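Here's a quick tour of the fold you're about to look at. Have the viewer open and click along as you read.

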Amino acid sequence: MSGEEDLAKDLGPLAALTIGVGTMIGAGIFVLPGDAILRSGSFAAVAFLLGGVIAMFTALSASELGTAMPRSGGAYYYVNHALGPLLGSVAGWANWLGLAFASAFYMVGFGRYISRIFGISGSYGIGPLALDAVTIAALIGGAFFVAVNYVGAKETGRLQNIIVVLLIAILAAFTLLGTLQAAPENLPATSTVTETLGTTGFIFVSYLGFVQITSVAEEIKDPGRNLPRAVIGSVVLVTVIYALVLVVMSAAVPQGFIAELVTNVAPGETQPIAVVEVGRQVQGAVMAGALLFGGLLATASSANASILASSRINFAMGRDRLVTPSLNEIHPRFGTPYRSIAITGGLILLFILVADINLLSGAASGLHLIIYGLLNIALIAMR
């Protein structure tokens with residue numbers, strides 16, 4: 001089939017919203033809050049609110065551009081058409097590789113949750129081919145989500161809806177029950193304005209997902225209406241969730257609990273997940289288990305949405321002949337850019353095998369910051 005054929009419009013408004021929410025909420029809840037509270041005390045929630053305000057400026061730019069040009073590729077497409085093919089190439093490669101790195105990072109996190117939940121450890125295989133349990137789980141999970149994306153965006157969107165709804169339900173229960181245990185005297189000391197701004201920069205990685213909605217704009221039903229609602233709505237929703245969870249985490253446990261949790265980690269041990277341990281402290285093992293399961297959902301959701309978005313960037317670059325046009329071919333049955341998905345999936349699995357988790361997260365964040373800067377410049381140029 002020709003690469004110029006339209007992709008199937010299989011993503012409804014809820015699926016578009018959950019692509020953004022699902023990509024953002026993992027790091028914001030299950031990785032960073034403990035360190036944020038250690039850095040800013042009671043102002044950690046303020047840092048997340050500031051991050052949401054800053055993200056909203058780019059969200060407004062992305063929604064305006066996405067409404068005007070609802071095409072696959074998102075930020076790459078806008079930069080390429082507003083600033084020319086040179087910066088378009090930079091944006092395309094940065095966005096594609098950034099999301100591939102991010103997807104691999106999320107799947108390693110997924111593997112760690114699988115290992116922790118099921119008590120799987122050790123290495124399997126012979127000699128240099130031996131892989132640890134986390135890597136094996138990450139590879140299996142990555143292959144599964146690539147396969148889901150290969151079959152169709154509708155299936156991806158449905159899975160994303162289920163994951164995000166369950167995740168929000170778990171966090172809502174944690175927030176409600178934690179509020180009953182909260183007390184003002186538990187709040188840690190506040191920090192300075194400088195420290196709070198520094199924490200905002202530290203946690204801004206939590207807001208890297210909303211632009212990915214524009215990467216699948218061509219597959220969103222009625223994009224002129226649903227795309228800006230999904231982009232802006234995802235930022236508003238996750239900002240509210242972040243702020244509420246941070247307030248509960250700060251006020252529901254005695255002063256010093258989280259600081260001790262974050263800093264007193266024995267050599268060779270993995271740092272405990274702050275939100276899970278707070279849930280265990282104030283609501284028991286059932287809530288801790290639910291939050292641990294929520295972390296598994298969060299990493300799965302982030303990976304699922306990132307794989308979907310990254311393959312569409314590759315597809316859009318093929319349309320513009322920045323990579324081979326053969327990537328444009330759409331599957332005759334599934335209506336997906338199956339070659340783009342396959343090559344992106346192979347790259348993700350390779351990154352899981354060879355890259356360190358810190359390299360994966362650092363590369364993903366740095367490349368995304370380049371994209372966000374170019375996207376805002378693109379809006380100014382288009383105007």
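Let's start at a turn: G84, just after helix α4, takes a positive phi of about 100°. Keep in mind that this is a predicted model. The chain as a whole has 15 helices and two strands. From here we'll go through α4, the overall build, the core, and then a handful of single residues.

**Around helix α4**

- Helix α4 covers residues 75–83, and G84 with its positive phi comes right after it.
- Which residues of α4 are buried? They are A75, Y76, Y77, Y78, V79 and N80.
- The cover over those buried residues includes α3 (44–68), α5 (85–118), α9 (212–215), α13 and α15 (357–382).
- A378 is a handy residue to click on here, as it sits in helix α15, one of the elements that cover α4.
- Apart from neighbours within four places in sequence, A378 is in contact with Y78, V79, A82 and L83. Of these, Y78 and V79 are among the buried residues of α4.
- A378 has 0% relative accessibility, so it counts as buried.
- For a sense of scale, the C-alpha atoms of A378 and F118 are separated by 47 Å, with their positions 260 residues apart along the chain.

**Overall build**

- Having 15 helices and two strands, the protein chain has a radius of gyration of 20 Å, close to the 21 Å that the globule rule gives for 383 residues, so it is as compact as a globular protein of that length.
- Along the principal axes, the C-alpha atoms fill a box of roughly 65 × 55 × 30 Å.
- Of the 383 residues, 56% count as buried.
- Take the contacts between residues at least 6 apart in sequence: 84% of them join residues at least 24 apart.
- The accessible surface comes to about 15,200 Å², and carbon and sulfur atoms account for 67% of it.
- On the charge side, there are 17 positive and 19 negative side chains, and the centres of the two sets lie 8 Å apart.

**The nonpolar core**

- In soluble globular proteins, nonpolar side chains tend to be buried together.
- In this model, the largest nonpolar core has 117 residues, and the ones with the most contacts inside it are I29, F174, Y207, F210, M249 and V275.
- Which helix gives the most to this core? That's α13 (residues 285–319), with 16 residues.
- M249 is worth zooming in on: beyond residues up to four places away in sequence, it touches P33, I37, F174, I258, A274, V275 and V278. Two of these partners, F174 and V275, are also listed with M249 as having the most contacts inside the core.

**Buried spots in helices**

- T18 is in helix α1 (residues 13–30), and at 2% relative accessibility it counts as buried.
- Leaving out residues up to four places away in sequence, T18 touches T23, Q160, N161 and V164.
- T18 and E195 lie 32 Å apart, C-alpha to C-alpha, and 177 residues apart in sequence.
- G318 belongs to helix α13, the helix that gives the most to the core.
- Is G318 buried or exposed? With 1% relative accessibility, G318 counts as buried.
- G318 touches V323, T324, P325 and N328, residues up to four places away not being counted.
- G318 and E329 are 11 residues apart in sequence, and their C-alpha atoms are 9.3 Å apart in space.

**Partly exposed spots in loops**

- Most residues other than glycine have a negative phi, and most peptide bonds are trans.
- D222 has a phi near 50°, a positive value in a residue other than glycine.
- You'll find D222 in the loop between α9 and α10 (223–251), where it is partly exposed, with a relative accessible area of 46%.
- G122 is in the loop between α5 and β1 (123–124), and G122 is partly exposed too, with a relative accessible area of 44%.
- Setting aside neighbours within four places in sequence, G122 is in contact with L131, D132 and A133.
- The C-alpha atoms of G122 and P70 are separated by 47 Å, with the two residues 52 apart along the chain.

How values were computed: Residues are numbered from 1 along each chain as its sequence is written. This is a predicted model: local features need pLDDT of at least 70, side-chain atom pairs count only at pLDDT 80 or more; totals for chains, interfaces and linings use all residues. Side-chain values use heavy atoms; hydrogens and water are left out. A nonpolar core is a set of buried Ala, Val, Leu, Ile, Met, Phe, Trp, Tyr and Cys residues joined through side-chain atoms within 4.5 Å. Buried means under 20% relative accessible area, exposed over 50%, partly exposed in between (1.4 Å probe, protein chains only). Helices (H or I, at least four residues) and strands (E, at least two) are DSSP runs, numbered from the N terminus. Contact means heavy atoms within 4.5 Å. The radius of gyration is taken over C-alpha atoms; the globule rule is 2.2 Å times the number of residues to the power 0.38. Accessible areas come from the Shrake-Rupley method with a 1.4 Å probe; for residues, only the protein chains shown count as cover. Lys and Arg count as positive and Asp and Glu as negative; His and the chain ends are not counted. The place of a charge is taken as NZ of Lys, CZ of Arg, CG of Asp or CD of Glu.
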